[in-house]
Amino acid sequence: MSIILAPSILSADFANIQRDVEMINNSQADWFHVDIMDGVFVPNISFGFPVVKAIHKHARKPLDVHLMIVDPDKYLSAFRDAGAAVLSVHLEACTHLHRTIQAIKALGMQAGVAINPHTPALALSEVIADIDLICVMSVNPGFGGQQFIENTYAKIRTLKEMILSTNSKAKIEIDGGVTLQNAPALLKAGADVLVAGNTVFSAKDPLKMIEELKRI
């Protein structure tokens, strides 16, 4: 199976957001990765519904929306209405995670669960058979351009074993510090989806960078 590549729109040029969305449309990338930060769950603020709606208006590929916010249950239907096709909530932010997963699916979206670097893979054991995506944070969430955390490889291998043992259909997504150099090892460990922000948008030729990542 080919790698699913999801460029992170957080690294785009927001003065030229439509241009960068069209670039992704015309590239070999598969999804748009959209990071939502509230300044509470993570120490940064990104953007809200108007920007997500604007991206969705021009996007011709699915929006993979990653909620780094407290009380995500309050906003599930609003993000569906804004255009999310895949919606990931943080395990650490959900008191009743199974209920949240059910609610996302009932709204017609694929349900994802994200875990921070300090959260063990086994924390997902009770829900892994019920979710479509596991977003593994390979940096501490909140800011782009951080250094990749090496323990991520071991976490991916553990998650892959859990997926196989439960017949889960969940894909493993890696978010943070993904480069041309570490992408082959991530895929070998068992990753299915790679989020690439700075690697794509800071490249001299973003289209060529996407092509090179897809070729791995």
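User: Why is the sulfur of Cys94 not bonded to the closest cysteine sulfur, in Cys135?

Analyst: In this predicted model, the sulfur of Cys94 lies 13 Å from that of Cys135. A disulfide requires two cysteine sulfur atoms within 2.5 Å, so this pair is too far apart for a bond. Cys135 is accordingly in no disulfide, and the count of disulfides is 0.

User: What makes Cys94 and Cys135 buried?

Analyst: Buried means under 20% relative accessible area. Cys94 has 11% and Cys135 has 0%, so both count as buried.

User: How do you know that Ser27 is buried, and where is Ser27 placed?

Analyst: Ser27 sits in the loop between helix H1 (17–25) and strand E2 (32–37). Its relative accessibility is 11%, which is under the 20% cut-off, so Ser27 counts as buried. Leaving aside residues up to four places away in sequence, Ser27 touches Lys61, Leu207 and Ile210.

User: Why is the approach of the Ser27 side chain to Ile24 called a polar contact?

Analyst: The side chain of Ser27 reaches the backbone oxygen of Ile24 at 2.8 Å. The cut-off for a polar contact is 3.5 Å, so the pair at 2.8 Å falls within it.

User: What makes E1 and E8 a strand pair?

Analyst: Pairing takes at least two bridges. Strand E1 (residues 4–7) is joined to strand E8 (residues 193–196) by 4 bridges, so the two strands pair. They run parallel, with Ile4 opposite Val193.

User: Which residues of E1 point which way?

Analyst: Ile4 and Ala6 point one way, Leu5 and Pro7 the other, and all are buried.

Methods. Residues are numbered from 1 along each chain as its sequence is written. This is a predicted model: local features need pLDDT of at least 70, side-chain atom pairs count only at pLDDT 80 or more; totals for chains, interfaces and linings use all residues. Side-chain values use heavy atoms; hydrogens and water are left out. Buried means under 20% relative accessible area, exposed over 50%, partly exposed in between (1.4 Å probe, protein chains only). A polar contact is a pair of N or O atoms within 3.5 Å; within protein, one must be able to donate a hydrogen and the other to accept it, and residues adjacent in sequence count only if both atoms are side-chain atoms. Contact means heavy atoms within 4.5 Å.
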